[in-house]
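Here are some exercises to work through with the model open beside you. Try each task before you read its solution.

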Amino acid sequence: MARSSDRDMRGQTLEAAAGNGLINRRALLGRGMVLAGAMGAGVGPAAAGAEPLADEPWSLEVGDPTPLYQVPSKFEAKVVRTLSNPNHEPRNSHSRTPHHLLAGTTTPNGLHFTINHGGIPTIDPDRHRLVIHGLVKRPLEFTLETLSRYPMTSRVSFVECGGNSAPMFSPEPMQETVQALHGLASCAEWTGVKLSTLLEETGIDPKAKWFVAEGADSPHLSRSVPIKKALDDAMIALYQNGERIMPGNGYPMRLLLPGYEGNMNVKFLRRIKLVEQPAMSYYEARTYSPILPNGKAYRFYFLQEVKSFITSPSYGQTLKGPGLYEISGIAYSGTGRIEKVMVSADGGQSWAQAALQEPVLSKAFTRFRMPWRWNGGPATLLSRAWDESGNVQPTRAEFVAARGQLEKPAPVLAFPNQHYNSITSWGVGSNGEVKHVYA
Amino acid sequence: MFTPERAIFTASLLLAAMTGVSLAETPNFGKPIDEAAIANWDISILPDGTGLPKGSGTPARGAAIYAEKCSACHGDSGKGGIAAAVVSDKKIDGISAAQKTIKNFIGDSTTIFDFIRRAMPFQAPRSLTDDEVYALTAYILAENKLIGANEVMDAQTLPKVKMPNHDNFIIRFPDHI
């Protein structure tokens, strides 16, 4: 009598989790041999006549000296951010994370997205000051040195621009990489001092309902944040993935508001003023107040809602023939942990649950994976995420019904609207080419 | 048992008792600073006018400053150039953010003053006097027909300017405020 695992190994249909080749995610979890057996039975190349292995030159000579600060291999030179303003013209400047060339959940510091509105200031950390004042009992001034002596906390948090994914407001799918579409989101471990700790020292006047955060950059970028967030999980971050914050990410200190739109995470932070009312600064009054189809506009959106996108395969990649592939992507929610990610290979007709890489952290990138056997025919790959609060990533139809879409495509670097979190779909053609499609 | 930690703890309790302030169990490395010392940095303006400085300006004065310091980017008469238009009668039709103007979108007049003072001119922020910022704000409001051509803008008059789109916003997540 055949045991069930034998049947798994021989009967590929038993591994199917959903249509068009999706395989049960449990095949990924400690059952690699079973999967290999199922996929490779009798189709592996013969070993006879294989090229003998030779020593390469690098194995026969002493290598390079050890640098003080190491950088990636020269063979990885294409793994870089894309720049919206490479000639440093007098306007803002974006750099986007190359998600399609990365794996895991941590964005390397050199590849973390940045948006700066007046260049990157060169701040002398010894002269930088942070003041907390306004509706407090005692206004206080902090230096980087004094802040560095406070009890620290570390947390992994994504930061996402409120305008990330804005090309998806286009009425037709823009043929762009996941870097161009979703590259204004990154995830790092941030270490610093809880803002609530510092507010214990200044004291809070009960009239204070908001605080205004301001940077030391040339636009003195300023945002209003509810006191509620200050007392929850706001942090004055001093370190990014273990080292001092990168200049473009706010050196020497930035406000970190886990789950809130990137622009509110004020960089080069120099001032926090507690106030009764929001200041209605430019970026809250204009930029991050998205226009709705009825002509009104949302204000104080703040939250980066539950989202996911497949990073591999994705636009610009070409599958090299039928066979086993791993569908992999990123999911996150500004509300909390990712509960589950469902993946479809048939345009949303059937779905299977993806494996989530542990640990699944609140307001952090979560890597999902799904084994898939491409049969060489057309396929449409989708991912859809749920968070622990029950929020679900909307379908494109649901999203457009609520938020509208543009009448015609906008330039890919434009921010025609904000806070897009619907499903991204990749169409795989019979030639293996991956296109961006709306499914 | 005597430990350094206990000594510090006792000392902080003693300090709290002496000053009558309830000091939290935090390092207290913050240096007290008075508002006068912060004044130069304290450039936040609230929609009710809180924080607006002394000084004033007229549209006519603003027109001269605009021509000299703003038009290279924002175009003649505020019609737009390499930077956005600051004078426009465009109506919003559809959801594209490119249509947002001061007149059709910005809800509070103080936002204009606040942004000019903290961020403009792009190449020389914080170089304008408060009078110049009032004058530029007056010029932009007057060219947009939101105030009269001769109205003076100052800490009393500016917050009273009614912006057409003021009541057209929906708070997205009220439970986060």
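**Exercise 1. A pair of strands**

In which sense do strand 24 and strand 25 of chain A pair, and over how many bridges?

Solution. Bear in mind as you start that this is a predicted model. Begin with strand 24 of chain A, which covers residues 425-428. Its pairing with strand 25 of chain A is antiparallel and runs over four bridges. For one bridge to look up, take A:G427, whose partner in strand 25 of chain A is A:K435. Next, step back to the whole sheet: five strands of chain A form an open sheet in the order 20-19-23-24-25, with antiparallel pairing. Finally, find its edges, which are strand 20 (352-353) and strand 25 (434-437) of chain A, each pairing on one side only.

**Exercise 2. Overall build of chain A**

Work out whether the radius of gyration of chain A agrees with that of a compact globule.

Solution. Start from the length: for 439 residues, a compact globule would have a radius of gyration near 22 Å. Chain A has 24 Å, so the two agree. Then add the box filled by the C-alpha atoms of chain A, roughly 80 × 65 × 50 Å along the principal axes. Burial comes next: 49% of the 439 residues in chain A are buried. Now turn to contacts with a separation of 6 or more in chain A; 73% of them link residues 24 or more positions apart. As for secondary structure, chain A contains eight helices and 25 strands.

**Exercise 3. Two domains and their contact**

Describe how domain 1 and domain 2 of chain A meet.

Solution. First set the bounds: the assignment gives 129-175 + 184-287 for domain 1 of chain A and 307-437 for domain 2. The C-alpha centres of these two domains of chain A lie 29 Å apart. At the contact, 20 residues of domain 1 of chain A touch 25 residues of domain 2 of chain A. On the domain 1 side, strand 8 (residues 153-160) of chain A gives the most, with three residues. Sorted by class, that side of domain 1 of chain A has twelve nonpolar, seven polar and one charged residues.

**Exercise 4. The nonpolar core**

Which residues have the most contacts inside the largest nonpolar core?

Solution. This core has 139 residues, and the ones to pick out are A:L22, A:F211, A:I236, A:V343 and A:M370. By element, helix 6 (residues 130-143) of chain B supplies the largest share of the core, nine residues. Now zoom in on A:M370: beyond its neighbours within four places in sequence, its contacts include A:L22, A:R25, A:I327 and A:V343. A:A352, A:A354 and A:A355 are also in contact with A:M370.

**Exercise 5. Unusual backbone geometry**

Where are the cis peptide bonds at A:P252 and A:P359 placed?

Solution. Recall the background first: most residues other than glycine have a negative phi, and most peptide bonds are trans. A:Y251 and A:P252 are joined by a cis bond with omega about 5°, and A:P252 sits in the loop between strand 13 (243-244) and strand 14 (254-256) of chain A. Another cis bond, with omega about -5°, joins A:E358 and A:P359. The loop holding A:P359 runs between strand 21 (355-356) and strand 22 (366-374) of chain A.

Now for phi. A:F268 is not a glycine, yet its phi is positive, about 55°. A:F268 counts as buried because 25 other C-beta atoms lie within 10 Å.

Terms used
Residues numbered from 1 in each chain as written. Chains lettered and ligands numbered in written order. Predicted model: local features only at pLDDT ≥ 70, side-chain atom pairs only at ≥ 80, totals over all residues. Pairing = 2+ DSSP bridges. Helix = DSSP H or I, 4+ residues; strand = E, 2+ residues; numbered from the N terminus. Core = buried A, V, L, I, M, F, W, Y, C linked by C-beta atoms within 7 Å. Buried ≥ 20, exposed ≤ 12 C-beta atoms within 10 Å, placed from the backbone. Contact = placed C-beta atoms within 7 Å. Domains from an automatic or database assignment. Nonpolar A, V, L, I, M, F, W, Y, C, P; charged D, E, K, R; others polar. Rg over C-alpha atoms; globule rule 2.2 N^0.38 Å.
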